[in-house]
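Please go through the structure shown here and set out its sheets, its cores and one loop residue as questions and answers.

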Amino acid sequence: MVELLKKPFGNHGKVHDITPQAAGWRYVGFSLYRLRPGESAEEATGDREVILVIVEGKARIHAADRDWGCLGERMDVFEKTPPHCLYVPNGRLWQATAETECTIAVCSAPGRGGHEVRRIGPDGISLTARGKGTNTRHINNIAMENEDYCDSLLVTEVFTPAGHWSSYPSHRHDEDDYPRITYLEETYYHRLNPASGFGIQRVYTDDGLLNETMAVKNNDVVLVPRGHHPCGAPHGFEMYYLNVMAGPLRKWCFIPAPEVESIIERDAR
């Protein structure tokens, strides 16, 4: 089985490069650049669509033969302000040149060329609370299914307060049986505040054949090929993650784990 917990290669340059081939699946790709002022990164999208997420810092972006100017505003992801992003379809080239120290996430999935290059955020993205009690977290939706400017990608940011759970109650989206459930591969790019902290993520199936519990550190990525995948932020450590999902159908339909169904029913009252 592919190792689900991916550590960064280092602290500078391209520190993650998760391809479908390396992950052992078909759809989701995720890479991460940490650039110093004046440094550049560029890639051709090939047969994949891409959403560039300026996680932190500022960068000048050139894509599809157009200068998109300087994108980025928050200097620390835990400011929780809406991100600046750019959608780039397949068959195009993008380049980013850092104007400050910056972190750029490259979220990718198969593209069909059905959409044009466009800015996403900060306008139109609002931090929204989800859940209740210690299941409360806050969401910046970047490209979920109600937005129609992607072929395959579903992308969102989640901020989980210290002592809270997230991606919970536990749920899975690992079967292609719409509308009951959809098959979506998923990556989690984690950040912790303070950066020396840790969080917990479990990935498990109902039959127990997959049952991994991982201590995630700052800048780690977790792969979710199937199964349930809750996260916990211990007291004293705030958690951020950037989710990337994709599959054969751009719909997010999931099934809760049997052990949490009573929790969902209780919370719905």
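The questions below take up strand pairing, nonpolar cores and a loop residue in turn. This is a predicted model, in which local features need pLDDT of at least 70 and side-chain atom pairs count only at pLDDT 80 or more, while totals for chains, interfaces and linings use all residues. Residues are numbered from 1 along each chain as its sequence is written, and side-chain values use heavy atoms, with hydrogens and water left out.

Q: Which strands stand at the edges of the open sheet of six strands?
A: The strand order is S2-S3-S10-S5-S8-S11, with antiparallel pairing. Strands are DSSP runs (E, at least two residues) numbered from the N terminus, and two of them pair if DSSP finds at least two bridges between them. Each edge strand has a single partner, so one side of it is left without a neighbour in the sheet; these are S2 (13-18) and S11 (118-120).

Q: What does the twist of this sheet average from one strand to the next?
A: Axes are lines fitted to C-alpha atoms, and angles run from 0 to 180 degrees between N-to-C directions. From one strand to the next, the average is 20°.

Q: Which residue stands opposite Ile51 in S8?
A: Strand S5 (residues 48-56) and strand S8 (residues 84-88) run antiparallel and are joined by five bridges. Opposite Ile51 stands Tyr87.

Q: Which residue in the turn between S6 and S7 has a positive phi?
A: S6 (residues 59-63) and S7 (residues 66-71) are antiparallel, with four bridges, and Ala59 is opposite Leu71. The two strands form a hairpin with two residues between them, and the phi of about 55° belongs to Ala64.

Q: Which strand gives the largest share of the largest nonpolar core?
A: A nonpolar core is a set of buried Ala, Val, Leu, Ile, Met, Phe, Trp, Tyr and Cys residues joined through side-chain atoms within 4.5 Å. This one has 52 residues, and those with the most contacts inside it include Phe30, Ile51 and Leu242. Six of its residues, the largest share, come from S24 (residues 238-246).

Q: Is Asn219 buried or exposed?
A: Asn219 lies in the loop between S21 (211-216) and S22 (221-224). Its contacts (heavy atoms within 4.5 Å) include Pro8, Leu32 and Arg191. Buried means under 20% relative accessible area and exposed over 50%, with a 1.4 Å probe and protein chains only. At 7%, Asn219 is buried.

Technical notes: Lists of a residue's contacts leave out its neighbours within four places in sequence.
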